[in-house]
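Student: I should like to learn how to read a protein model step by step. May we begin with the overall picture and then turn to single residues?

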Amino acid sequence: MQKQLQSQHKRAVVADFISPDNGLRGKMERLGLKPKNHMRQNSEELKALQAKMREEKEISSMPPKELYKLSQFRNVPSKINNKENDINDENENKITNNFLSKGNSQKRRDELAMQKKIERIELEKRLEAERIANEKPNSPRKPSIPRSTEVAKLLPRSNSDFISKNRAQALTLVPPKAEPIVEVKKHEEYGRIPKYLEDRKQQWEDEQEEIKRRAPDPNCPPGMKLMHENERIETLSVLKQNREDLLLQLGKLPFVIETPSQIRRKN
């Protein structure tokens with residue numbers, strides 16, 4: 001087998017191109033191996049299966065072998081079989097009577113589901129009614145309306161002249177006396193602002209003035225600051241003196257500047 005595999009690897013590419021193998025079976029035939037005939041094997045297995053089924057069918061079609069009985073009991077019917085047949089018939093009738101036709105089970109499930117749904121809705125309504133009743137304020141009950149047969153007992157009529165009594169009472173009325181005004185004793189600093197408030201107010205004003213003084217001038221360009229007058233005059237005098245010195249040094253330079261030292265001095 002190993003030699004055959006080595007010869008297969010040594011096969012040239014030109015030989016494969018001239019006489020190509022017919023798939024895996026061609027390679028096996030070239031190596032001297034006999035490929036398996038699956039079609040014939042399947043056919044043989046089918047034939048064997050058909051023969052087995054034919055034999056089983058013939059055996060099942062044969063009448064059952066009669067049980068051995070004595071000659072004197074061969075024509076006597078069995079009472080046990082009759083009782084068993086009667087019991088089986090009764091059971092079949094019961095099963096047939098209780099058997100549900102097609103679609104009844106689904107209908108029964110739908111009825112049960114609908115019944116449960118109705119019960120759930122009723123329970124939710126009852127719980128909602130209880131919740132609303134509990135949320136209502138517990139106010140006292142109003143008195144009942146009197147019946148038509150009930151008559152209130154009135155006081156006896158009086159013959160008094162209330163107008164004359166009111167007129168006489170109005171003539172004798174005396175206006176109420178005004179209560180005396182009690183003068184409140186005032187201390188020496190009554191109505192004056194305390195000194196600590198005046199000091200606090202002055203402190204706040206000083207702080208605001210200091211903040212304004214230190215704040216940058218909005219009219220001043222960025223990068224500059226406002227100088228005092230004395231400082232400004234002193235700075236201008238220094239700049240003027242430096243300008244005069246530079247002009248003096250520049251006037252002392254020759255007309256033709258050629259050496260490096262003269263160029264550096266001019267720059």
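Tutor: We begin with a definition: a residue counts as buried when its relative accessible area is under 20%, as exposed when that area is over 50%, and as partly exposed in between. Please also keep in mind that this is a predicted model.

Student: What percentage of the residues of the protein count as buried?

Tutor: The cut-off for a buried residue is a relative accessible area under 20%. The protein has 267 residues to which this test applies. The share that counts as buried is 1%.

Student: How many helices and how many strands does the protein have?

Tutor: From the N terminus on, the elements run α-α-α-α-α-α-α-α-α-α. The totals are therefore zero strands and ten helices.

Student: What part of the accessible surface belongs to carbon and sulfur atoms?

Tutor: The accessible surface of the protein comes to about 28600 Å². Of this area, the part that belongs to carbon and sulfur atoms is 56%.

Student: Which residues form a nonpolar patch on the surface together with Phe73?

Tutor: Phe73 lies in the loop between helix 4 (38–61) and helix 5 (79–98). Its relative accessible area is 45%, so Phe73 counts as partly exposed. The patch has about 460 Å² of accessible area together, and the partners of Phe73 in it are Tyr68, Leu70 and Val76.

Student: Is Leu24 buried or exposed?

Tutor: Leu24 is found in helix 3 (residues 23–30). Its relative accessibility is 64%, and the cut-off to pass is over 50%. Leu24 therefore counts as exposed.

Student: How far apart in space are Leu24 and Pro35?

Tutor: In sequence, Leu24 and Pro35 are eleven residues apart. From C-alpha to C-alpha, their separation in space is 8.8 Å.

Student: How many salt bridges does a search of the whole structure find?

Tutor: A salt bridge needs a side-chain nitrogen of Lys or Arg within 4 Å of a carboxyl oxygen of Asp or Glu. Glu128 and Arg131 provide one example, at 2.2 Å from N to O. The search of the whole structure finds five.

Student: Where do Glu128 and Arg131 lie?

Tutor: Glu128 is partly exposed at 36% relative accessibility, and Arg131 is partly exposed at 38%. The two residues are three apart, about one turn of the helix, and both lie in helix 6 (residues 104–135).

Student: Which residue meets Lys195 in a salt bridge?

Tutor: Lys195 is exposed, with 62% relative accessibility. Its partner is partly exposed, with a relative accessible area of 41%. Because the two are four residues apart in helix 8 (residues 195–214), about one helical turn separates them. The N to O distance is 3.2 Å, and the partner of Lys195 is Asp199.

Student: How far apart are the closest N and O atoms of Arg213 and Glu210?

Tutor: Arg213 is exposed at 59% relative accessibility, whereas Glu210 is partly exposed at 27%. Three residues apart in helix 8, they are separated by about one helical turn. In their salt bridge, the closest N and O atoms are apart by 2.3 Å.

Student: What is the volume of the largest pocket, and which residues are the closest to its centre?

Tutor: The largest pocket has a volume of about 300 Å³. Its lining consists of 13 residues, which divide into seven nonpolar, one polar and five charged. The closest to the centre are Arg213, Arg214, Ala215, Lys225 and Leu226.

Technical notes. Residues numbered from 1 in each chain as written. Predicted model: local features only at pLDDT ≥ 70, side-chain atom pairs only at ≥ 80, totals over all residues. Heavy atoms only, no water. 1 Å grid on protein atoms, 1.4 Å probe; cavity = no way out; pocket = protein on both sides within 12 Å on 5 of 7 lines; lining within 4 Å. Points joined across faces, edges and corners; volume = space filled by probe spheres on them. Nonpolar A, V, L, I, M, F, W, Y, C, P; charged D, E, K, R; others polar. Patch = residues over 30% accessible without salt bridge, like charges linked within 9 Å, V, L, I, M, F, W, Y side chains within 5 Å. Areas by Shrake-Rupley, 256 points an atom, 1.4 Å probe, with all protein chains shown as cover. Buried < 20%, exposed > 50% of the residue type's maximum accessible area, 1.4 Å probe, protein only.
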